[in-house]
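Student: Could you go through this structure with me, starting with the ligand and then moving on to a few residues?

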Amino acid sequence: MEPVVTLPDIEAARTRIEGHVIRTPLVPSPSLSAVTGADVRLKLDLLQPSGAFKLRGATNALLSLSPADRARGVTCCSTGNHGRAVAYAAGRLGIRAVICMSRLVPANKVRAIEALGAEARIVGRSQDEAAVEAGRLVAEEGMVMIPPFDHRDVVAGQGTCGLEIVEDWPEVDTVIVPLSGGGLIAGVAAAVKARRPAARIVGVSMDRGAAMQASLAAGHPVAVEEVASLADSLGGGIGLDNRITFAMCRALVDEVILVDEAAIARAMRHLYRAEQLVAEGGAAVGAAALLERSVTRPGGHIAVIVTGRGVDMDLFTRIASGEDVDPAAVSG
Ligand SMILES: *Cc1c(COP(=O)(O)O)cnc(C)c1O
């Protein structure tokens with residue numbers, strides 16, 4: 001097994017990506033502090049220019065490429081926040097990027113990727129077929145695959161978010177992290193626990209199709225059924241051949257909490273009305289866990305990572321105004 005990502009990797013990533021990503025603010029949340037009786041602060045990674053924290057990992061991965069690999073260009077098959085991050089970072093660094101996606105991806109998402117300067121390669125009728133095309137670009141054209149989470153440079157880049165939290169707030173007791181493939185929480189946990197070993201790291205996923213939670217419970221990576229959710233950016237598996245994030249989560253994550261669709265919608269509304277933040281479903285799950293009072297022994301100093309703002313604004317407006325929205329509408 002490859003060694004896990006450690007603090008020196010994350011410190012090196014921070015130096016590398018400085019000037020390319022935003023050092024986001026950690027701001028007090030009066031409303032969540034009132035609800036919990038603790039000092040709750042929000043780490044606003046939704047302010048990253050690509051719309052989500054994933055810019056940290058993608059930028060670190062791209063800046064770590066050899067000159068020869070840079071010249072070959074990069075690919076991935078995400079149309080969500082990872083795809084946007086790779087497109088944005090590659091555009092800034094002058095690296096060719098081909099983002100593979102299926103014909104089912106809506107035109108506005110395709111245009112958004114192209115507007116960032118990347119090439120959209122439309123193939124097949126499913127994400128799996130798009131993934132096959134990305135694999136072909138690697139095998140036949142020598143492009144470099146940038147995976148969304150299970151990659152050393154990606155995890156180290158995401159870890160810079162945790163490093164900033166513990167530097168801005170050395171007293172932090174609990175860090176609450178939206179959890180999908182585990183790249184963010186693995187890096188954040190490595191950084192925070194290196195500086196403050198007593199801090200608890202809590203992951204939050206939606207209660208349907210929570211791949212990392214199911215894998216931790218099983219003791220090995222397992223596949224889960226993918227179900228539509230307001231937290232669409234938390235969907236997908238962790239990879240049955242997971243090499244890095246599963247082992248790191250098993251070693252470093254203290255608790256995983258699941259929240260349901262109603263709690264996610266309430267948290268999106270809460271962040272909007274009480275904190276004036278537009279957070280996508282996957283970014284609101286930390287606030288949801290606090291509003292549901294689900295976090296065990298959170299301590300007096302709680303940091304919540306608000307991870308992204310990649311949400312359709314018409315959909316957001318309906319959720320914010322209290323409408324019951326069918327989660328199936330999110331991905332469409
Ligand atoms: C990708 C993503 C996550 C989860 O990150 P992982 O590294 O896959 O665990 C959380 N929130 C948002 C907005 C994301 O895009």
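Tutor: We can take the ligand site, then an aromatic pair, then two single residues, bearing in mind that this is a predicted model.

Student: OK, which residues come nearest to the ligand?

Tutor: There are 16 residues around the ligand, and those that come nearest are Lys-54, Asn-81, Gly-182, Leu-184 and Thr-307. Sorted by character, the residues of that shell divide into five nonpolar, nine polar and two charged.

Student: And what does the side chain of Asn-81 have 2.8 Å away from an N or O atom?

Tutor: That is an oxygen atom of the ligand. Another oxygen contact of the ligand involves Ser-180, where a backbone N or O atom lies 2.9 Å from a ligand oxygen, while a nitrogen atom of the ligand is 2.7 Å from an N or O atom in the side chain of Thr-307.

Student: How much of the ligand does the protein bury?

Tutor: Taken alone, the ligand exposes 380 Å², and the protein buries 98% of that.

Student: Switching topic, how many aromatic pairs are there?

Tutor: The count comes to one aromatic pair. It is formed by Tyr-272 and Phe-316, which meet edge-to-face, with 5.3 Å from centre to centre and 85° between the planes.

Student: Which parts does that pair tie together?

Tutor: Tyr-272 lies in helix α12 (residues 261–275) and Phe-316 in helix α14 (residues 313–320), so the pair ties together parts that are 44 residues apart in sequence.

Student: Is Phe-316 buried or exposed?

Tutor: Phe-316 counts as buried, because its relative accessibility is 2% and the cut-off for buried is under 20%. Tyr-272, at 38% relative accessibility, counts as partly exposed.

Student: Now Ala-190, where is that?

Tutor: Ala-190 is placed in helix α9 (residues 183–195), and Ala-190 is buried, with a relative accessible area of 10%.

Student: What does Ala-190 touch?

Tutor: Leaving aside residues up to four places away in sequence, Ala-190 touches Val-5, Ile-10, Met-248 and Leu-252. As for Met-248, the separation from Ala-190 is 58 residues in sequence, and in space the two are 8.2 Å apart, C-alpha to C-alpha.

Student: Last one, Glu-133: buried or exposed?

Tutor: Glu-133 is buried, with a relative accessible area of 10%, and the place of Glu-133 is in helix α7 (residues 127–141). Apart from residues up to four places away in sequence, Glu-133 touches Cys-100, Arg-121 and Val-123.

Technical notes. Residues numbered from 1 in each chain as written. Predicted model: local features only at pLDDT ≥ 70, side-chain atom pairs only at ≥ 80, totals over all residues. Heavy atoms only, no water. Near = heavy atom within 4 Å. Polar contact = N/O pair within 3.5 Å; in protein donor to acceptor, adjacent residues only side chain to side chain. Areas by Shrake-Rupley, 256 points an atom, 1.4 Å probe, with all protein chains shown as cover. Nonpolar A, V, L, I, M, F, W, Y, C, P; charged D, E, K, R; others polar. Helix = DSSP H or I, 4+ residues; strand = E, 2+ residues; numbered from the N terminus. Buried < 20%, exposed > 50% of the residue type's maximum accessible area, 1.4 Å probe, protein only. Contact = heavy atoms within 4.5 Å. Phe/Tyr/Trp six-rings, centres within 6.5 Å; stacked < 30°, edge-to-face > 60°.
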